[in-house]
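Reader: I am in my first year and would like a close look at one part of this model, the charged side chains of one chain. Please explain where they sit and how they pair, and then place that beside the rest.

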Amino acid sequence: MAGSSVVEPVRKPVVLIVDDENENLRAFARSFRKELDVKTASSGPAAIDMLAAEPVDMVITDYTMPAMNGVQVLSIAAEKWPHVKRLIISGHTDLAELHSAHRLGLAAELLPKPFRKADVLATIERLLGTP
Amino acid sequence: MTDAEKWQRDAQKLERSSFLVTFILIACLYPLWTFFDLFTAPQFLAEFASVRFSIAGLSLIAFAIVRRTQSAVIPRIAMGTLVTLLGVSVAWLVAQVPASVVVTYTIGFSIVFWATALLLVWPWRMTVVVYSLCLIAHVGLWVANGMPDPRSFFGLFWYLLSASFIATLVGALRRRSEHQKHLAKYETEKTNAELATALATLKDAQERFVATEKLQALGRLIAQLSHEINNPMNVIENNVGPVSEYLAALGKALDIARAGGDLEAAWDELEIDFVRTDMQDAIDAMATSAGRVRAIHNDLRAFMRGDTALPTEADLNDGVRSTIAMLKRSVGSETELVERYGELPKARFHIGQVNQVTLNLIQNALDVVGGAGRIEVETAHEDDKLVLSVTDSGPGVSEAARRHLFEPFFTTKDVGKGTGLGLATCYQIVRAHGGSISLDESHTRGARFVVRLPLAPPA
């Protein structure tokens, strides 16, 4: 019905970002606060807890982290919450483990670090199919 | 068996056979000479035979001794003459040979016999000289005896001919033996030259190893550092966007205020309160990140500073500190890196090279503990040496690996993880400084590498 359209507030994608560096988490949240509903976790186990506790559309994790690396986080996520889209970020995009994770479908994409906001948004849009 | 060894063996074989041929031929000639005596002096047959055989018997013994002793030519001649005189004396006692027979035959015979024996050790050309002298001596003796019977002259001449025949054969054998020896010598020299070339090539390759290892180590370091720089870079890039948005919001608020608009209404829409606090946070985060990049740069510069062509007066502790400062960031929280610095005098060394040794040893220790463990780096001053030790809490070095630790291309790491040049390079560098590097055998838990450097490198 024309004229009476109430613009539905578009639900922002919920993205969980995992990185052991707090400054990175804060910068990411700050940078994407308008486009995404950013949740943060500063370690692999914390990310798993958060996935279990809250509905999340996508998890983006750093690769190099103590205790549990990014690929380990994604393999748990893939097993328990297969609907959650998975992305991995690393400064070492030439690592064999990252490529095999990508090949196995554990990570939908590999993003280099540092990344550009526009690239990340384009990838999220492509994976989630939302503007 | 190499060619040189083969030729050497052939030469020895020929040497042996030349002696054998001499004895066989002389043995064959004896009955022949005796037969000849039947025609020249049948009345002295028994005397001649006894003279010959007693000289020959004793001479054979002397011959064997001569061969064995390898003494000089003059003592051999002296001994030969002595033995011959002994033979003559024995013959004299046994058969009461007339003096003329003894003089004409036994002296001539002993000259021929001993000349042949000596030819075995003399050069081939001596044959001509010796037999010419023998001929002159015999002609002289025959003339001196009043030219008794022409047949006795031909008898002596016959001795000379047969002895010449022996000497010719022996000489030919000896020449072949000399040739083989020469070949063996040539082959040995050739092998030595090849070895020298191989050694030079090896040395050259070793120098290249060091250069390659340095690049490898630097490559690894750069990879680590680039990762270290990535994080602050990421923070800066992610904050630049928001800060410029905040600036735009603040600008818009200023425009509204200047135009006398409703700033109060726009305040919440523009999130001015949030913008003001968060912008400061974002700028602080960027400043911190820039500081991290600067710190990495400073450490790298401190590490590279010592890379000079000549040894300089330097402090080992400074080098170790700058190396650790650079590595520390990539050390995980579960690895404990303990530093202990002793009181060290200044010393002359290539600080850049020694830093590389420190870097390699600590990198190895980090690899060995695999993300969780304890590494101790210690410096000390012992006598006239600087001591650097790196101890790790890893599994230690196996007995088999110990023997090859410092060899190029030996590695216990997985394929693609280690070049096997790290410790080999450490060894090269430390040796070039006149120092030593070793694995502390007495240390049982984990591995402990100890580097000892003199206070000044060898000139």
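Author: B:D262 sits in the loop of chain B that runs between α6 (150-258) and α7 (263-269). The model is a predicted one, and every value below is computed from it. With a relative accessible area of 51%, B:D262 is exposed, because the cut-off for that word is over 50%. B:D262 belongs to a negative patch on the surface, together with B:E264, B:D268 and B:D273.

A little further along chain B, the loop between α7 and α8 (272-305) holds B:E271. B:E271 has a phi near 55°, which is positive although the residue is not a glycine. Most residues other than glycine have a negative phi. B:E271 is partly exposed, at 30% relative accessibility.

Charge of the opposite sign gathers elsewhere on chain B. A patch of positive charge on the surface is made by B:K6, B:R9, B:K13 and B:R16. Of these, B:K6 lies in helix α1 of chain B and is partly exposed, its relative accessible area being 35%. Helix α1, which covers residues 3-40, also contains B:Q8. B:Q8 is partly exposed as well, with a relative accessible area of 37%. From C-alpha to C-alpha, B:Q8 and B:Q180 are 6.6 Å apart in space, while 172 residues separate them in sequence.

Now to the pairs. Side chains of opposite charge can pair when their charged atoms come close. Over all chains, the count of salt bridges is 22. One of them joins B:K190 to B:E187, with 3.9 Å from N to O. Both residues are in helix α6 of chain B, and they are about one helical turn from each other because they are three residues apart. The two partners differ in cover: B:E187 is buried, at 11% relative accessibility, whereas B:K190 is partly exposed, at 34%.

Another salt bridge links the side chains of B:R374 and B:E336, at 3.1 Å from N to O. B:R374 is in strand β4 (residues 373-382) of chain B and B:E336 is in strand β2 (residues 335-340), so this pair ties together parts that lie 38 residues apart in sequence. Both ends are partly exposed: B:R374 has 32% relative accessibility, and B:E336 has a relative accessible area of 42%.

B:R340 and B:E376 form a salt bridge too, and their closest N and O atoms are 2.6 Å apart. Here B:R340 belongs to strand β2 of chain B and B:E376 to strand β4, so the pair ties together parts 36 residues apart in sequence. B:R340 is partly exposed, with a relative accessible area of 36%. These bridges do not stand alone: through shared partners, salt bridges join B:E336, B:R340, B:R374, B:E376 and B:E378 into one network.

After strand β4 of chain B comes a loop that leads to β5 (385-392), and B:D383 is found in that loop. B:D383 is not a glycine, yet its phi is positive, about 50°. With 75% relative accessibility, B:D383 counts as exposed.

That leaves chain A, for the setting. Chain A has five helices and five strands, and from the N terminus its elements follow the order β-α-β-α-β-α-β-α-β-α. Of the 131 residues in chain A, 42% are buried. Strand β4 (residues 85-90) of chain A is mostly covered, since five of its six residues are buried, which means they have under 20% relative accessible area. β4(A) pairs with strand β3 (residues 58-62) of chain A in the parallel sense, over five bridges. Within this pairing, A:M58 stands opposite A:K85 of β4(A).

One backbone detail of chain A remains. The peptide bond between A:K113 and A:P114 is cis, with omega about 0°. A:P114 is placed in the loop between β5 (109-112) and α5 (117-128) of chain A. Most peptide bonds are trans.

Definitions and conventions. Residues are numbered from 1 along each chain as its sequence is written. Chains are lettered from A and ligands numbered from 1 in the order in which they are written. This is a predicted model: local features need pLDDT of at least 70, side-chain atom pairs count only at pLDDT 80 or more; totals for chains, interfaces and linings use all residues. Side-chain values use heavy atoms; hydrogens and water are left out. Patches are made of residues with over 30% relative accessible area and no salt bridge: like charges are joined within 9 Å, nonpolar side chains (Val, Leu, Ile, Met, Phe, Trp, Tyr) within 5 Å. Accessible areas come from the Shrake-Rupley method with a 1.4 Å probe; for residues, only the protein chains shown count as cover. A salt bridge is a side-chain nitrogen of Lys or Arg within 4 Å of a carboxyl oxygen of Asp or Glu. Lys and Arg count as positive and Asp and Glu as negative; His and the chain ends are not counted. The place of a charge is taken as NZ of Lys, CZ of Arg, CG of Asp or CD of Glu. Helices (H or I, at least four residues) and strands (E, at least two) are DSSP runs, numbered from the N terminus. Buried means under 20% relative accessible area, exposed over 50%, partly exposed in between (1.4 Å probe, protein chains only). Two strands pair if DSSP finds at least two bridges between them.
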